[in-house]
Amino acid sequence: MRRSFVTPEGVDLQLELGTAGARAGGFLIDAMMIVTILILMTLLLLSLAWASKAEWIVILWLLGFFVLRNGWFSLFEMGGRGATPGKRLMGLRVVARDGARLTGGAVIARNAMREIEVFLPLSFLAQQTAQGTADLFLVLFALVWSGIFLFFPLFNRDRLRIGDLVAGTWVVQTVGASLGADLVHEAGPSRRTFTEAALNLYGVYELQTLEDVLRSGNDDAVTTVARTIRDKAGIDEWGNDREFLADYYAALCVRLESGLMVGRRRENKFETALARR
Amino acid sequence: MNAAASAIVETRTVVVNASRFRAAHEADWTRLEKLVTRMEKRSIRALSDDDILALPLLYRTTLSSLAVARDTSLDRGLIVYLEQLTTRAYFQIYGVQTSVWRQLGHFFARGWPEAVQGLWRETLVCVLLTLASAAVAFLLVRNDPSWFFGIIPESLAGGRDPSASAESLRRTLYERHNDGLATFATYLFTHNSQIAIFAFALGFAFAVPTILLILYNGLMLGAFFAVFAAKGLTFNLGGWLAIHGTTELFAIAIAGAAGLRIGMAIAFPGRDTRTESAVRAGRPAALAMAGTVLMLAMAGLLEGIGRQTIVDDFSRYAIGAAMLAGWLTYFYMPRKGRDATALPK
């Protein structure tokens with residue numbers, strides 16, 4: 001899902017929102033890290049307490065627990081990366097929706113809301129297991145109530161958590177793609193020419209699909225696509241399918257781009273070649 | 001037309017825009033990518049002075065490459081690469097936070113007091129609600145002591161109920177403890193802060209649970225006062241409460257006010273859209289709420305340590321009043337002129 005995001009320079013970056021799966025994954029990683037650290041901290045302090053029985057050990061544990069529970073997300077997101085370790089691993093980042101800098105207030109707001117999104121349902125569950133079977137209606141009410149908050153991101157088009165809603169933030173993907181090879185340049189000088197009819201078959205959508213096929217390097221797909229194009233254009237067998245496709249891609253790209261230069265963009269094969277936009 | 005098209009194909013020395021473009025700018029893109037990767041892996045300090053000077057230029061070059069590529073090139077691989085590179089660079093350049101110290105300085109000098117100031121109406125409502133519910137509980141318990149057990153759970157009462165003798169009640173007010181004071185203070189702080197954060201978050205449900213929390217807090221207050229008043233210990237309980245209560249109850253009122261503001265902003269957005277209204281209320285309210293955690297830390301120290309060691313009523317009242325005066329001055333003192341610690345917008 002892409003969302004428009006205009007920089008101060010006036011260019012729309014078209015941010016890609018984090019998927020629900022990636023965000024749930026990021027949260028689970030963070031949760032596991034918190035629990036692991038909590039267990040390690042408890043064990044360490046217990047072993048120290050065994051030895052010294054000092055008061056500060058209990059204080060340290062109480063403060064440590066408080067900071068882990070309330071500070072883990074906020075402190076990491078306030079840093080320059082705008083992401084907790086879990087989010088970083090999933091290639092996610094918290095961003096202010098208005099394009100401004102992420103402020104401390106926003107980060108605190110979005111994470112304080114976890115109290116009702118996560119800890120509330122968790123404490124209901126804990127109470128349930130502690131007390132055994134309680135009132136069925138109470139349980140149902142608790143589950144529905146916490147479910148509304150927990151699954152809130154699935155019910156709005158920007159995948160906003162309640163925290164995101166209140167803080168004016170959203171979570172975007174920040175994966176770094178590397179620059180692929182230049183297909184036209186790679187194809188080298190053309191080995192063959194194509195007829196006007198053959199080049200008039202397709203538009204930009206088909207060209208970019210062809211680009212995906214060439215970049216994917218899937219031989220079956222190359223063979224299938226090459227056969228389809230040859231059938232349509234009425235071209236005879238021409239040796240290597242990949243070379244044929246590379247040549248055809250280069251020729252089609254040149255043709256469509258020269259159309260762009262004079263303001264004619266042919267979106268797909270259903271538009272006529274000379275249609276004006 | 002036909003001849004022209006095939007001529008292009010035949011004499012082609014590979015001149016699509018993507019190739020021309022790459023030849024002209026690829027070095028810049030690669031350099032930007034290297035810098036951004038280094039900043040992401042470590043920090044801006046990993047860059048040399050030359051790199052830092054070049055960064056904004058490279059970023060703008062790449063951004064304009066993206067704008068041009070979108071309109072003239074059909075190489076999707078290229079466009080996707082430029083989009084992701086500029087996005088990463090954008091976050092490194094515009095998303096960078098000022099230093100932690102500068103942020104903290106701004107929080108204490110302006111952010112926190114101004115956020116609390118902005119919540120004055122809601123804070124007043126919370127204070128009035130607390131007082132009103134305390135009065136109700138007081139009257140209820142004075143008229144029929146059995147109400148006490150309906151309001152206060154037994155674990156919390158700890159023997160301080162209507163059946164307790166004046167002597168035992170007096171003892172709970174002036175008991176001196178020496179062990180585990182710091183632990184007690186820490187426990188109070190974390191426990192109360194958790195409730196403050198909870199009250200803030202619950203504001204999202206149209207503020208109803210927040211108001212219930214505030215009301216219940218007031219009810220407990222009133223019920224205890226009724227029990228002690230029946231034995232003529234009102235003044236003494238007042239001192240016992242005032243030493244930390246002015247800070248603690250004020251903090252709880254602010255946290256409640258923050259929740260109230262969010263709930264009201266979502267329920268009644270006025271002319272704004274609901275999301276705009278939520279954001280405008282949410283960010284300052286969160287700052288105010290973060291501040292209450294600090295207030296509660298102080299209240300925890302006063303309650304856990306101060307109250308256990310200072311047993312003189314007048315000292316207790318004096319400390320409580322001084323704290324209240326301090327908070328009121330800090331929050332509501334008019335602040336004039338430009339903000340010297342303002343963060344660049």
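This passage walks through a predicted model with chains A and B, taking chain B, its contact with chain A and a few single residues in turn.

Chain B is a helical affair: it has 14 helices and 0 strands. Read from one end of the sequence to the other, the pattern is simply α-α-α-α-α-α-α-α-α-α-α-α-α-α. The chain is also more spread out than a compact globule, because its radius of gyration comes to 31 Å, well over the 20 Å that the globule rule gives for 345 residues. Along the principal axes, the C-alpha atoms of chain B take up a box of roughly 110 × 40 × 40 Å. Burial is at 42% of the 345 residues. As for how the chain meets itself, 81% of the contacts in chain B with a separation of 6 or more link residues that are 24 or more positions apart.

Both chains come with a domain division. In chain B, domain 1 covers 13-94 and domain 2 covers 102-332, and the centres of these two domains of chain B, taken over C-alpha atoms, sit 53 Å from each other. Chain A is assigned domain 1 (2-173) and domain 2 (183-261). For this pair in chain A, the centres are separated by 48 Å, again over C-alpha atoms.

Now for the place where the chains meet. Here 63 residues of chain B touch 61 residues of chain A. On the chain B side, the elements that give two or more residues are helix H1 (2-10), helix H2 (17-41), helix H3 (49-72), helix H4 (76-94), helix H5 (100-118), helix H10 (181-202) and helix H13 (274-309). H4(B) puts in the largest share, with 12 residues. Sorted by class, this side of chain B holds 34 nonpolar residues, 20 polar ones and 9 charged ones.

One residue of H10 gives a close-up of how the chains touch. Ala182(B) lies in helix H10 of chain B and, setting aside neighbours within four places in sequence, is in contact with Glu55(A) and Ile59(A) from chain A as well as Ile305(B) from chain B. Ala182(B) counts as partly exposed, since 16 other C-beta atoms lie within 10 Å, and a residue is buried at 20 or more and exposed at 12 or fewer. Ala182(B) and Asp161(B), 21 residues apart in sequence, have C-alpha atoms 27 Å apart in space.

Two of the helices listed for the chain B side, H2(B) and H3(B), also pack against each other, at an angle of about 145 degrees and with 9 Å between their axes. The crossing of H2(B) past H3(B) is left-handed. On the H2(B) side, the contact is built from Asn17(B), Phe21(B), His25(B), Asp28(B), Trp29(B), Arg31(B), Leu32(B) and Leu35(B). H3(B) answers with Asp51(B), Leu55(B), Leu58(B), Tyr59(B), Thr61(B), Thr62(B), Ser65(B), Ala69(B) and Thr72(B). Taken together, the residues of this contact are 8 nonpolar, 6 polar and 3 charged. An α-helix has 3.6 residues a turn, so residues three or four places apart point the same way.

Over in chain A, helix H4 (residues 104-112) is mostly covered, with 9 of its 9 residues buried. The buried residues of H4(A) include Gly104(A), Gly105(A), Val107(A), Ile108(A) and Arg110(A). Ile108(A) has a C-alpha atom 8.7 Å from that of Met78(A), although the two are 30 residues apart along the chain. Met78(A) itself belongs to helix H2 (residues 55-78) of chain A. Met78(A) is buried too, because 21 other C-beta atoms lie within 10 Å and the cut-off is 20 or more.

Finally, the backbone has a couple of oddities. Most residues other than glycine have a negative phi. Gln14(A), however, has a positive phi near 55 degrees. Gln14(A) is found in the loop between strand S1 (2-3) and strand S2 (15-16) of chain A, and is partly exposed, with 17 other C-beta atoms within 10 Å. Phe206(B) likewise shows a positive phi, near 55 degrees. Phe206(B) sits in the loop between H10 and helix H11 (208-230) of chain B and, with 16 C-beta neighbours inside 10 Å, also counts as partly exposed.

Technical notes: Residues numbered from 1 in each chain as written. Chains lettered and ligands numbered in written order. Predicted model: local features only at pLDDT ≥ 70, side-chain atom pairs only at ≥ 80, totals over all residues. Helix = DSSP H or I, 4+ residues; strand = E, 2+ residues; numbered from the N terminus. Rg over C-alpha atoms; globule rule 2.2 N^0.38 Å. Contact = placed C-beta atoms within 7 Å. Domains from an automatic or database assignment. Nonpolar A, V, L, I, M, F, W, Y, C, P; charged D, E, K, R; others polar. Axes fitted to C-alpha atoms, helices over the stretch in contact; angles between N-to-C directions. Left-handed = near helix turned anticlockwise from the far one by under 90°.
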